[in-house]
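Trainee: I would like a close look at a single helix in this structure, with its surroundings described carefully enough that I can follow the packing from one element to the next. Could you take me through it in one connected account?

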Amino acid sequence: MAEEFFKRGNEYTQKASFYYEMGKKQDAEDEIKKALEEYNKAHEIDPSNPEYYRKVGELFLKTGKYQDAIEQFNKAIEMRPGATVYYIEKGTALNNLNKYEEALKELDKAISLNPKNSQAY
């Protein structure tokens, strides 16, 4: 019984990964709407993966939907608070909204988590 449960879980993870990869492909081809659909499918299958929030946030950054991007990065941060890149991308969105002090706080947090990450500087 446990083996069957594990097998099903693995199948779900593989499906989610497939949609994630399809989203990355669509994103690379600037098919933003299609990429968003693929990332959302991945998220529906595996809602525990913060990378899906990150990728949707990146799409929102590309399209100038900065507040929406921040919401996605916040969700990713909530799930994985030690991931430097989420703070960097949130800081970028805040900077684009001219919220410079808030952006700086996010970048400072990224630096405190990983001082060697040059993207935060």
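**A helix and its neighbours**

Mentor: Read from one end of the sequence to the other, the protein follows the pattern α-α-α-α-α-α, and in this predicted model there are 6 helices and 0 strands. Of the 121 residues, 36% count as buried, and among the contacts between residues at least 6 apart in sequence, 43% join residues at least 24 apart. With that as background, let us take helix H4 as the part to examine.

Helix H4 covers residues 66-79, which is 14 residues, and from its first C-alpha to its last it reaches 20 Å, close to the 20 Å expected at 1.5 Å a residue. Which residues of H4 are buried? They are Ala69, Ile70, Gln72, Phe73, Ala76 and Ile77, and because they cover an arc of only 165° around the axis, they lie on the same side of H4. The general background is that an α-helix has 3.6 residues a turn, so residues three or four places apart point the same way. As for what covers the buried residues of H4, the list includes helix H3 (50-62), helix H5 (84-96) and helix H6 (100-113).

Let us follow H3 next. Two packed helices are described by the angle between their axes and the distance between the axes. For H3 and H4, the axes come within 8 Å and cross at roughly 165°, an angle that makes H3 roughly antiparallel to H4, and the crossing is left-handed. On the H3 side, the contact is made by Pro50, Tyr53, Arg54, Val56, Gly57, Glu58, Phe60 and Leu61, while H4 contributes Tyr66, Asp68, Ala69, Gln72, Phe73, Lys75, Ala76 and Met79.

One residue of this contact deserves a pause, namely Gly57, whose place is in helix H3. Gly57 counts as buried because its relative accessibility is 0%, where the cut-off for buried is under 20%. Leaving aside residues up to four places away in sequence, Gly57 touches Ala69, Gln72 and Phe73, and these three are among the buried residues of H4. The C-alpha atoms of Gly57 and Asn74 are separated by 9.4 Å, although the two residues are 17 apart along the chain.

H3 also packs against helix H2 (residues 32-45), at an angle of about 160° and with the axes 9 Å apart, and H2 and H3 are therefore roughly antiparallel to each other. Here too the crossing is left-handed. In this pairing, Ile32, Ala35, Leu36, Tyr39, Asn40, Ala42 and His43 of H2 meet Tyr52, Tyr53, Lys55, Val56, Leu59 and Lys62 of H3. Tyr53 and Val56 of H3 appear in the contact with H2, and they also take part in the contact with H4.

Finally, consider H6, one of the helices covering the buried residues of H4. H6 has 14 residues and reaches 20 Å from its first C-alpha to its last, close to the 20 Å expected at 1.5 Å a residue. Its buried residues are Ala103, Glu106 and Ala110, and they sit on the same side of H6 because they cover an arc of only 65° around the axis. What covers these buried residues includes H4 and H5, whereas the face of H6 turned away from its buried side carries the exposed residues Glu101, Lys105 and Ser112.

Methods:
Residues numbered from 1 in each chain as written. Predicted model: local features only at pLDDT ≥ 70, side-chain atom pairs only at ≥ 80, totals over all residues. Heavy atoms only, no water. Helix = DSSP H or I, 4+ residues; strand = E, 2+ residues; numbered from the N terminus. Expected span 1.5 Å × (residues − 1). Buried < 20%, exposed > 50% of the residue type's maximum accessible area, 1.4 Å probe, protein only. Arc of directions from axis to C-beta. Contact = heavy atoms within 4.5 Å. Axes fitted to C-alpha atoms, helices over the stretch in contact; angles between N-to-C directions. Parallel < 35°, antiparallel > 145°, perpendicular 65-115°, else oblique. Left-handed = near helix turned anticlockwise from the far one by under 90°.
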